[in-house]
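Biologist: I have a new structure open. Can you walk me through the main features?
Modeller: Sure, ask away.

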Amino acid sequence: MSLCQKGVLIDTNILLLFLVGSVNQERITKFNRTQKFIPEDYELLLEFIARFQKLVTTPDILTEVNSLVNQLGEPERSQCFEIFAQFVKNVALLDEYYVNSLDAVNTEKFVKFGLTDSGILTLSKGKYLVLTDDFKLASYLQSVEVDVINFNNIRVFNWK
């Protein structure tokens with residue numbers, strides 16, 4: 001089974017880019033949590049995730065995204081939450097998997113990465129491609145043979 005058939009696990013900042021870009025692409029460079037991205041990154045992200053049959057997430061990732069969206073001003077905050085709700089309700093596309101916190105804290109690098117990233121490691125190994133912009137996480141996942149793409153590498157090469 002190819003990675004495109006298995007699915008892609010989208011890390012917090014990339015999912016946040018998706019939501020903010022879905023509401024207002026011009027806001028991407030103005031919101032402190034997405035200002036490192038540009039509107040073209042949002043378009044690139046849409047092209048990338050369209051290749052996958054399903055998107056994968058965890059409650060921890062969704063909780064982090066929820067907290068970050070709360071930092072937006074109105075009306076964009078409410079608009080993001082509307083898209084967030086539609087995204088989560090679209091069960092045909094999105095698979096949410098609970099990672100037991102005990103499993104996550106028992107990973108070798110929990111102290112280095114914390115709960116959300118340890119959950120990503122626990123869930124994705126041998127199952128999903130991870131899409132992240134976190135260099136430290138991407139490097140570690142690669143070192144333990146988890147399929148991972150650092151979104152920043154796609155941005156640099158404008159991969160299609």
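Biologist: What comes right after α7, and what is its phi?
Modeller: Gly 126 follows α7. Its phi is positive, near 75 degrees. Keep in mind that this is a predicted model.

Biologist: And α7 itself, how far does it span between its end C-alpha atoms?
Modeller: Only 15 Å. The helix covers residues 110–124. A straight helix of 15 residues would span 21 Å.

Biologist: Where is the kink in α7 centred?
Modeller: On Thr 116. The kink is about 85 degrees.

Biologist: Is Thr 116 buried or exposed?
Modeller: Buried. Other buried residues of α7 include Phe 113, Asp 117, Ile 120 and Leu 123.

Biologist: New topic. What is the volume of the largest pocket?
Modeller: About 170 Å³. Eleven residues line the pocket. Among them, Gln 142, Val 148, Ile 149, Asn 150 and Asn 153 lie nearest its centre.

Biologist: Which element gives the largest share of that lining?
Modeller: α8, with four residues. β5 and α9 each supply at least two.

Biologist: How many residues of the lining are charged?
Modeller: None. Seven are nonpolar and four are polar.

Biologist: What about odd backbone spots? I learned that most peptide bonds are trans.
Modeller: Most are. But the bond joining Glu 74 and Pro 75 is cis, with omega about 5 degrees. Pro 75 is in the loop between α4 and α5.

Biologist: Which residue has a positive phi although it is not a glycine?
Modeller: Glu 145, at about 65 degrees. Glu 145 is in the loop between α8 and β5.

Biologist: Is Glu 145 buried or exposed?
Modeller: Exposed, because its relative accessible area is 71% and the cut-off is over 50%.

Biologist: Last one. How many aromatic pairs are there in the whole structure?
Modeller: A search finds three. One of them joins Phe 48 and Phe 52, with ring centres 5.3 Å apart. Their planes are at 45 degrees, so the pair is tilted. Phe 48 is buried at 2% relative accessibility, and Phe 52 is buried at 7%.

Biologist: And how do Phe 81 and Phe 84 pair up?
Modeller: Edge-to-face, with 80 degrees between the planes. The centres are 6.3 Å apart. Both residues are buried.

Biologist: Why are Phe 81 and Phe 84 separated by about one helical turn?
Modeller: Because they are three residues apart in helix α5. An α-helix has 3.6 residues a turn, so residues three or four places apart point the same way.

Terms used. Residues are numbered from 1 along each chain as its sequence is written. This is a predicted model: local features need pLDDT of at least 70, side-chain atom pairs count only at pLDDT 80 or more; totals for chains, interfaces and linings use all residues. Side-chain values use heavy atoms; hydrogens and water are left out. The expected span of a helix is 1.5 Å times one less than its number of residues. The bend at a residue is the angle between axes fitted to the seven residues ending there and the seven starting there. Buried means under 20% relative accessible area, exposed over 50%, partly exposed in between (1.4 Å probe, protein chains only). On a 1 Å grid over the protein atoms alone, a cavity is a set of points where a 1.4 Å probe fits but cannot get out, and a pocket is an open set with protein on both sides within 12 Å along at least five of seven lines; lining residues have an atom within 4 Å of a point. Grid points are joined across faces, edges and corners, and a volume is the space filled by probe spheres set on the points. Ala, Val, Leu, Ile, Met, Phe, Trp, Tyr, Cys and Pro count as nonpolar, Asp, Glu, Lys and Arg as charged, and the others, Gly among them, as polar. Rings of Phe, Tyr and Trp (its six-membered ring) pair if their centres lie within 6.5 Å; planes under 30 degrees apart count as stacked, over 60 as edge-to-face and the rest as tilted.
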